[in-house]
Amino acid sequence: MRATRSLATVKNPVTEKDCRSIVPPYAKLNATLDKVKHTLNHRPLTLAEKIVYSHLTHPEETVPLRGETYLKLSPDRVAMQDASAQMAILQFMLSGMKTTAVPSSIHCDHLIVADQGADKDVLSSIENNKEIFDFLQSSAQKYGVAFWKPGSGIIHQIVLENYAAPGGLMLGTDSHTPNAGGLGMIAIGVGGADAVDAMAAIPWELKAPRVIGIKLTGQLDPWTSPKDVILQLAGQLTVRGGTGHIIEYFGEGVNSLSCTGMATICNMGAEVVGATTSLFPYTHRMRSYLSATGRVQVAKAADSHASFLRADDHCEYDKVIEIDLSRVEPHINGPFTPDLSTPLSKFKSFIDENGWKDRLTAGLIGSCTNSSYQDMSRSASIAKQALKAGLSVKSDFLVTPGSEQIRATIERDGQQAVFERAGGKVLANACGPCIGQWNRSDLGKSAPENAILTSFNRNFRSRNDGNPNTMNFLAAPEIVTAMAFAGRLSFNPMTDTLLDANEKPFRFEPPQGDDLPSLGFEAGRATYEPPSPTPTPDPSVDIVVSPKSSRLQILNAFQPWDGKEFKNVRVLVKVQGKCTTDHISAAGPWLKYKGHLENISQNTLIGALNADNQKINVIHDITTHQEDSLPEVAKNYKRQNIPWMVVADHNYGEGSAREHAALQVRYLGCPLIVSRSFARIHETNLKKQGVLPLTFDNESDWEKISGGDLIETVGVKELAPGKPVQLIVTGENGKQITIQAKHTMSDDQIAWFKKGSALNLIKENAVKS
């Protein structure tokens with residue numbers, strides 16, 4: 001890929017798109033749903049059930065039962081971001097397919113480091129990641145995949161602006177894929193192996209989700225935003241409260257929310273409550289957004305199938321939570337977990353009670369969660385008030401537009417100039433600091449306690465700047481903007497005052513901002529021109545991967561299971577507390593190795609807390625009798641053919657859809673993991689790679705195992721759905737105990753396990769056909 005310097009933005013309005021590959025096949029979906037309804041005796045269905053069941057590959061063979069039945073589904077679309085696309089494409093290359101079976105897209109948003117500012121950072125990324133971008137672009141050309149260039153935007157904003165459609169089913173290789181639920185789409189975050197299923201025309205498997213209904217009434221106060229709805233809900237449900245569920249919003253309050261506001265709520269649903277996905281019914285606000293983004297044909301088709309795009313009357317939810325929007329107040333969540341929710345009115349006391357410094361070092365707005373035109377307009381209205389009072393920001397203030405379309409539009413309409421006059425820096429249309437791609441210059445990576453306030457979706461320790469002492473608090477972008485002018489965590493913009501340029505009290509008025517630009521959206525610079533919705537595959541294109549590359553590595557198939565019980569499996573580490581995919585496979589500087597399994601495995605579990613010694617990334621090597629890092633001990637065991645396993649705590653693998661967290665442990669010799677509970681995406685990723693995920697039948701049995709113990713299984717040879725497995729544990733003193741474990745493996749997933757991975761099975765079937 002050649003780096004090109006763009007000229008100043010010219011007026012380039014968004015035009016009508018070719019929507020033939022975007023409009024869902026409503027007639028086919030309704031026909032499938034009719035068969036399912038007949039099977040279910042025509043009971044009323046939730047919207048989530050209607051969309052999911054209408055995508056069944058063989059509806060006549062399935063009787064869906066929430067929380068029990070494994071469904072085989074045919075997704076409409078796949079979207080991949082550049083970091084995860086590398087491994088997805090490397091796996092797809094082994095499938096033998098000449099093109100993708102469904103429309104697919106690659107979005108270059110993860111490999112741009114926030115440093116000097118938008119254009120400079122994009123050019124630097126293209127230079128530093130040329131090998132990766134060339135690989136992805138040539139792969140896209142060969143297989144007929146839409147390729148979105150670096151700087152064009154964040155995957156979820158691009159999907160919302162271009163591909164999302166009410167009633168569709170999409171898989172995305174990123175945990176915030178549910179963002180498209182703001183347009184009434186079932187959009188689910190998955191690992192690359194799941195994406196390969198869809199791209200290779202293999203039915204994608206999902207356990208029939210339970211459905212949590214969120215009834216919305218009233219409408220939001222002027223100071224309150226859709227972000228606050230999900231921040232409040234996070235405190236109610238916690239990061240595990242939605243696991244195995246789809247969150248479906250309904251009620252009169254839905255119609256008061258903008259399309260992009262609904263997307264914000266859906267974006268964080270998987271993050272803060274562990275839901276499979278979230279969605280809203282089709283509304284007039286969705287119709288307006290589709291029309292404004294060049295998809296009138298999608299809107300017309302959805303209008304014609306409006307009854308399909310809402311829940312049936314008298315349907316039943318597994319749980320109903322009612323939220324009166326008029327009673328929701330701004331919230332701030334964190335630090336270190338997105339479900340520690342505090343109302344803004346109580347946040348000052350929260351800071352005082354914990355003895356934290358009352359100083360805000362940086363405010364960051366944007367990201368895939370909150371970078372819509374409405375978000376930028378409301379935040380700019382706050383900044384404009386401050387400028388009029390003669391104020392400038394007291395903290396570093398960084399703005400991340402979600403796409404070139406948003407950036408070009410806020411440049412034309414003046415919001416960008418307002419941010420810059422206030423002292424803000426506009427970053428590239430990319431993920432940047434939200435995923436740790438931030439060359440933070442004001443503080444070092446070992447700086448003492450400091451606080452940042454962001455409109456992001458994730459706030460795990462060390463995630464944003466690599467500093468474990470940085471506390472990230474999550475809030476709506478307008479709250480972040482207002483507090484950046486105060487430079488204090490204790491400042492409440494709704495009630496407190498600042499001193500203006502004349503030393504007189506100044507108080508912010510509530511933010512204002514339209515959800516859609518009155519002049520229409522600008523498409524932006526020609527450099528970032530969107531690809532064709534239906535690219536033609538070119539089989540003549542060569543995909544080159546150098547054997548000397550440190551960034552890319554052709555995959556070798558994992559060995560099949562030998563048909564025997566596991567014996568003499570060494571417990572590598574007993575993990576205590578939160579262990580996200582960030583802890584298992586760190587991002588930030590490690591993103592450069594996403595396409596090289598051997599090299600990225602050097603970071604395996606480096607963020608995990610060892611329950612035995614209360615140290616992070618320090619364990620005892622039983623072969624050397626020395627302490628060492630987890631990846632070094634794992635590599636040493638692999639060299640000596642010592643199988644090893646992890647004993648984990650609750651919700652193991654929460655957070656990102658990062659399949660590397662499963663690939664790496666498998667590559668280093670881990671055949672099974674036992675935990676108190678798993679996060680949905682990570683559990684599936686482990687299954688896809690041939691790792692057996694077990695959970696304790698009695699959670700307290702976690703206490704009975706230590707690092708270094710030997711494990712033998714009983715029941716793996718007869719592995720079957722619902723059939724338990726026993727773990728015979730031999731401690732350091734030679735004493736043995738037996739622990740009961742269970743699993744959620746389906747017949748198909750057991751077949752993956754036996755073959756060594758799902759990909760091995762796909763390849764075997766492709767050869768047979």
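This passage describes the cores, strands, helices, aromatic pairs and cysteines of a predicted model.

The side chains of the model gather into separate nonpolar cores. The largest nonpolar core holds 183 residues, and of these Y249, F280, F473 and F508 touch the most other members. Apart from this core lies another, of 26 residues, which includes L572, I619, Y637 and V691.

Strand β8, spanning residues 210-217, is mostly covered, with six of its eight residues buried. Two parallel pairings involve this strand: β8 pairs with strand β9 (residues 245-250) over six bridges, and β8 also pairs with β11 over six bridges. Individual positions illustrate both contacts, since G213 has E248 as its bridge partner in β9, while K215 stands opposite E322 in β11. Helix α7, formed by residues 192-199, is likewise mostly covered, and eight of its eight residues are buried. The buried residues of α7 are G192, A193, D194, A195, V196, D197, A198 and M199, a list in which D194 and D197 appear beside residues such as V196 and M199. After α7 comes A201, whose phi is positive, near 65°.

A further sheet forms a closed barrel of seven strands, in the order β21-β26-β27-β28-β31-β30-β29, and its pairing is mixed. Neighbouring strands of this sheet are turned by 40° against each other on average when direction is ignored. Strand β21 (residues 569-574) and strand β29 (residues 710-714), which stand at the two ends of the order as written, run antiparallel and are joined by two bridges. At this junction V569 stands opposite I711 in β29. Helix α19, made up of residues 630-639, lies across β21 and β26 (644-648), and the helix runs at about 175° to β21.

Aromatic contacts were examined next. The count of aromatic pairs comes to 19. One of them joins Y26 and F308, whose ring centres are 6.2 Å apart and whose planes meet at 75°, an edge-to-face arrangement. This pair links distant parts of the chain, because under the DSSP assignment Y26 belongs to helix α1 (residues 26-39) whereas F308 lies in the loop between α11 (296-304) and β11 (319-324), 282 residues apart. Both partners are withdrawn from the surface: Y26 counts as buried at 3% relative accessibility, and F308 is buried with a relative accessible area of 2%. A second pair is formed by W561 and F753, whose centres are 5.2 Å apart and whose planes stand at 35°, so this pair is tilted. Here too distant parts of the chain are linked, with W561 in the loop between β20 (505-506) and β21, F753 in helix α22 (residues 747-755), and the two positions 192 residues apart. W561 is buried, with a relative accessible area of 17%, and F753 is buried as well, with a value of 3%.

Ring pairs also link F347, F350, W356 and F473 into a cluster. F473 is, in addition, one of the residues that touch the most other members of the largest nonpolar core. Two rings of the cluster, F347 and F350, are in contact with T342, a residue found in strand β13 (residues 341-343). T342 is buried, with a relative accessible area of 7%. Leaving aside neighbours within four places in sequence, the contacts of T342 comprise H331, I332 and N333 together with F347 and F350.

The cysteines were considered last. The count of disulfides comes to zero. C266 is in no disulfide, and the nearest cysteine sulfur, that of C259, is 9.4 Å away. C266 counts as buried because its relative accessibility is 0%. For C431, the closest cysteine sulfur belongs to C368 and is 6.5 Å away, which is too far for a bond, because a disulfide requires the two sulfur atoms to be within 2.5 Å. C431 is also buried, with a relative accessible area of 6%.

How values were computed
Residues numbered from 1 in each chain as written. Predicted model: local features only at pLDDT ≥ 70, side-chain atom pairs only at ≥ 80, totals over all residues. Heavy atoms only, no water. Buried < 20%, exposed > 50% of the residue type's maximum accessible area, 1.4 Å probe, protein only. Helix = DSSP H or I, 4+ residues; strand = E, 2+ residues; numbered from the N terminus. Core = buried A, V, L, I, M, F, W, Y, C linked by side-chain atoms within 4.5 Å. Pairing = 2+ DSSP bridges. Axes fitted to C-alpha atoms, helices over the stretch in contact; angles between N-to-C directions. Contact = heavy atoms within 4.5 Å. Phe/Tyr/Trp six-rings, centres within 6.5 Å; stacked < 30°, edge-to-face > 60°.
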